[in-house]
Structure formats: structure tokens, C-alpha cells
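Grab your viewer and work through a few exercises on cysteines and core packing. Try each task before reading its solution.

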Amino acid sequence: MQQFLTVALPLVAAVTTSTTTLPQVFPPPPVSGPPPYSIIQEDLTSKTAIREVAPDKPKEKRLICKGCSEHENTTLAFFQERGITDRNALATILGNIKQESTFAPNVCEGGSRTSYRNCYGGYGLIQWTSANRYHGLGDFAKRYGGSPSDLQTQLRYLTTEVQWQEIEGRMKTPGRSINSYMNNAYSWIGWGIHGARTQYAHQYAGRLIMVEV
């Protein structure tokens, strides 16, 4: 027994000494540098908006009037938007408006340029003359906040008139001659003097060209 103690005590002492001298273990210090690449990539992916590219708008074919004024081309585009696509039909409309007003929305009968209220006679694009049609233009402009001397207001107004509505379907029917469309235009405008409107219509028909817009 004494011999065992003699051997064991030094061993216990050795273990105690070695335990007390072991270095203390602490948690790793925080990393001050950037996070690993995988974390950065994940963060960028989550914050990057997905950009959707809109498809290209298909091209549309439309007639324009080569060498014509802005008012002429605005009028041409307006009636195409309403579904009139035949070259002769459009040329007939343009020829009649040119005969009536030369596309001046503020022209009074006789050729003077004046405001709507100062005109005593036909006024505007198609020379609205009768009392109900003339006052109808003023009432329309007042109701919808436009000017009765404005091109767009007059174009919108004329499509509300029963005279136009009665012929619009026929003007939308393609494949007819200028003379045929001109008969329709007479019941629309009711002109007193034919003038050069048919000649103008043929001239317009030769100036209308198809483009992609």
C-alpha cells in the first residue's frame, strides 16, 4: 500500500499541475472585414430589382400627306383614327375642308380671321352657317372646355353632328371613287358652291403616302 501511494501521489500532482497550466479558451473575436463572397452575392441578389424589358410596339401603317400643313395632317390622322382608311375617302374629306376653310378653324365666311363670337355667317373648318349648327359648336366647346376656334374642338364637334353620323359608315367603306364619296360629303356639309373641292380631292389623293409609324 505504501508503495502504491508512493507511485500515485506524484501522478496526481502531475495531473493537477498540467491542468492549471492549460491556456484558457475564448470564443473567436468578431470579424471586422467584409462578409464572405457568398453572403455578399446573396444580399445583392435580394436587393437587385428585376428589370422587365417591354416588347417593341408593332409598327402601324398610316397615310400622311406629303408637303401638307400641320392642320392638314392633323385632320388626316383624326379621321384615320375614326376608322376611315380609304385613300379616296380621306382625300374627299380633305378636299371639302380645303374648299370651305383652307383648314383655318378661325375663318369666318368671306375669309376674315376672327373669333367665334365675332363671326356673322359661316364659321370654322366646314363653315357652320345655320343657327343650330353654328350655336351647336359654341355649346359643344363650352360643355367640354375647349375653344370654338380650335382645330381639335371643331374636329370633335363635327363627328357629333347627325349630318356626319349619317355618312360616316359610307366613308368607312373602302374601294369607292372620289365622286362617290363626294356625294356623301354633300349631305354632310350641304355646300352652296361646289368650287374646286373635287379637284382638291384628286390632288390630295396623289399626295397621300403610306408610312410606318
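The exercises below deal with a predicted model.

**Exercise 1.** Find the disulfides and work out how the bonded cysteines pair up in sequence order.

*Solution.* Start with the cut-off: two cysteine sulfurs count as a disulfide when they lie within 2.5 Å. Cys65 and Cys68 pass, with their sulfur atoms 1.8 Å apart. Cys108 and Cys119 pass too, at 2.0 Å from S to S. That rule gives a count of two disulfides. Number the bonded cysteines along the protein chain and you get the pairing 1-2, 3-4.

**Exercise 2.** Decide whether Cys65 and Cys68 are buried or exposed.

*Solution.* Buried means under 20% relative accessible area. Cys65 comes in at 4%, so it's buried. Cys68 has 15%, so that one is buried as well.

**Exercise 3.** Describe the link between Cys108 and Cys119.

*Solution.* First, the handedness: with 80° about the S-S bond, this link is right-handed. Next, the location: both cysteines sit in the loop between H4 and H5, 11 residues apart. Last, the burial: Cys108 and Cys119 are both buried.

**Exercise 4.** Pick out the residues that touch the most other members of the largest nonpolar core, then list the contacts of Ile97.

*Solution.* The core has 42 residues, and the top group is Phe79, Ile84, Ile93, Ile97, Trp164, Met171 and Trp188. Elements giving two or more residues to this core include strand E1 (61–65), helix H3 (70–81) and helix H4 (87–101). Now skip Ile97's neighbours within four places in sequence: Ile97 is then in contact with Thr75, Phe79, Thr102, Phe103, Leu125, Ile126 and Trp188.

Note on methods. Residues are numbered from 1 along each chain as its sequence is written. This is a predicted model: local features need pLDDT of at least 70, side-chain atom pairs count only at pLDDT 80 or more; totals for chains, interfaces and linings use all residues. Side-chain values use heavy atoms; hydrogens and water are left out. A nonpolar core is a set of buried Ala, Val, Leu, Ile, Met, Phe, Trp, Tyr and Cys residues joined through side-chain atoms within 4.5 Å. Buried means under 20% relative accessible area, exposed over 50%, partly exposed in between (1.4 Å probe, protein chains only). Helices (H or I, at least four residues) and strands (E, at least two) are DSSP runs, numbered from the N terminus. Contact means heavy atoms within 4.5 Å.
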